Amino acid sequence: MQKIRKFRLVQRLIPVENRTENLASLRFGQVLLMDYMGAVEYERGAFSDFLVRMQALNSPVDQRSFWQRRVLRQPAPVSLLQFMRATVHGVKIFIAYDTTRHTATEVIEEITAIAKGRANLKMPARFPSTEYDRSSRDCPTAWAEIKENVIWSLSDLSHLGDWLNNTVTFLAQEKQRIAHRA
């Protein structure tokens, strides 16, 4: 497994207020909004690429050989996107990460460095602390390391797979619609 690089490109995410719909039916941007942190996320499409990669990781992957499937009847395919809960710097968080690139320990170490202010980020993450007002309207409640395929949140991420699927489907439809107009 590749050693995790230090997180550098962390995107702050702010919750959309007053969500009452069925969370599983929403797209990512209908639940969490990007806090503007620079041109890479918007103009160059880095965040859209991140969402597409995360959705692909969440799709079932059949890691079994033909023999294992036919003869041994091994368990169903698995996702390469791992979900877990952790307490980092006294804050309970939900994490989803790329298991092909990171271990749980590496991810927690990186998030802990951010929480303690020891990470060398391009922009401040504003992770909750005693100096930080979590009740503020502009308070980030989730973060994504868009180059390392990791997202973490103060809120439950159990619908993340649905948000990713809905978003990628929407992006593909928009791309087709634009191509059709051209």
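**Figure 1. Strand 5 and strand 6 meet where Ala142 faces Ser153.** Let us begin with one pair of residues: Ala142 has Ser153, in strand 6, as its bridge partner. This is a predicted model, so please read each view with that in mind. The two strands, 5 and 6, run antiparallel and are joined by four bridges. They make a hairpin with four residues between them.

**Figure 2. A close look at Ser153 in strand 6.** Is Ser153 buried or exposed? With a relative accessible area of 3%, which is under the 20% cut-off, Ser153 counts as buried. A polar atom of the Ser153 side chain lies 2.9 Å from the backbone nitrogen of Ser155. Leaving aside residues up to four places away in sequence, Ser153 touches Lys92, Ile93, Phe94, Thr141 and Ala142.

**Figure 3. Asn149 in the turn of the hairpin.** Now follow the chain to the loop between strand 5 (142-145) and strand 6, where Asn149 is found. Asn149 has a positive phi of about 60°. This residue, Asn149, is buried, at 4% relative accessibility. Which residue shares a side-chain polar contact with Asn149? The partner is Asp98, and the contact spans 3.0 Å. Not counting residues up to four places away in sequence, the residues that Asn149 touches include Phe50, Arg53, Met54, Leu57 and Tyr97.

**Figure 4. Strand 5 is covered on both faces.** In a regular strand, side chains alternate between the two faces of the sheet. Here, Ala142 and Ala144 lie on one side, with Trp143 and Glu145 on the other, and all of them are buried. Strand 5 also pairs with strand 1, in the antiparallel sense and over four bridges. In that neighbourhood, Arg12 stands opposite Trp143 of strand 5.

**Figure 5. The whole sheet, strand by strand.** How are the strands ordered across the sheet? Six strands form an open sheet, and the order is 2-1-5-6-4-3, with antiparallel pairing. At the edges are strand 2 (32-34) and strand 3 (81-88), each of which pairs on one side only. From one strand to the next, the twist averages 25°. Strand 3 pairs with strand 4 (residues 91-98) over eight bridges, in the antiparallel sense. Within strand 4, Tyr97 stands opposite Gln82. Helix 4 (residues 104-115) lies across strand 1 (10-15), strand 3, strand 4 and strand 6 (150-153), and runs at about 45° to strand 3.

**Figure 6. Aromatic rings, in pairs and in a cluster.** Searching the whole structure turns up six aromatic pairs. Why is the pair of Phe28 and Trp163 called edge-to-face? Their planes stand at 75°, and because planes over 60 degrees apart count as edge-to-face, the pair earns that name, with ring centres 6.5 Å apart. The two residues come from distant parts of the chain, 135 residues apart: Phe28 is in the loop between strand 1 and strand 2, while Trp163 belongs to helix 5 (residues 160-181). Phe28 is buried, with a relative accessible area of 2%, and Trp163 is buried at 4%. Another pair, Trp143 and Trp152, is stacked, with 6.2 Å from centre to centre and 20° between the planes. Both Trp143 and Trp152 are buried. Ring pairs link these two with Phe7 and Phe127 into a cluster.

**Figure 7. Arg27 over the ring of Phe170.** Our last view shows a side chain set over a ring: Arg27 lies over the face of Phe170, 3.9 Å from the ring centre.

Key:
Residues numbered from 1 in each chain as written. Predicted model: local features only at pLDDT ≥ 70, side-chain atom pairs only at ≥ 80, totals over all residues. Heavy atoms only, no water. Pairing = 2+ DSSP bridges. Axes fitted to C-alpha atoms, helices over the stretch in contact; angles between N-to-C directions. Contact = heavy atoms within 4.5 Å. Phe/Tyr/Trp six-rings, centres within 6.5 Å; stacked < 30°, edge-to-face > 60°. Buried < 20%, exposed > 50% of the residue type's maximum accessible area, 1.4 Å probe, protein only. Lys NZ or Arg CZ within 6 Å of the ring centre and 35° of its normal. Polar contact = N/O pair within 3.5 Å; in protein donor to acceptor, adjacent residues only side chain to side chain.
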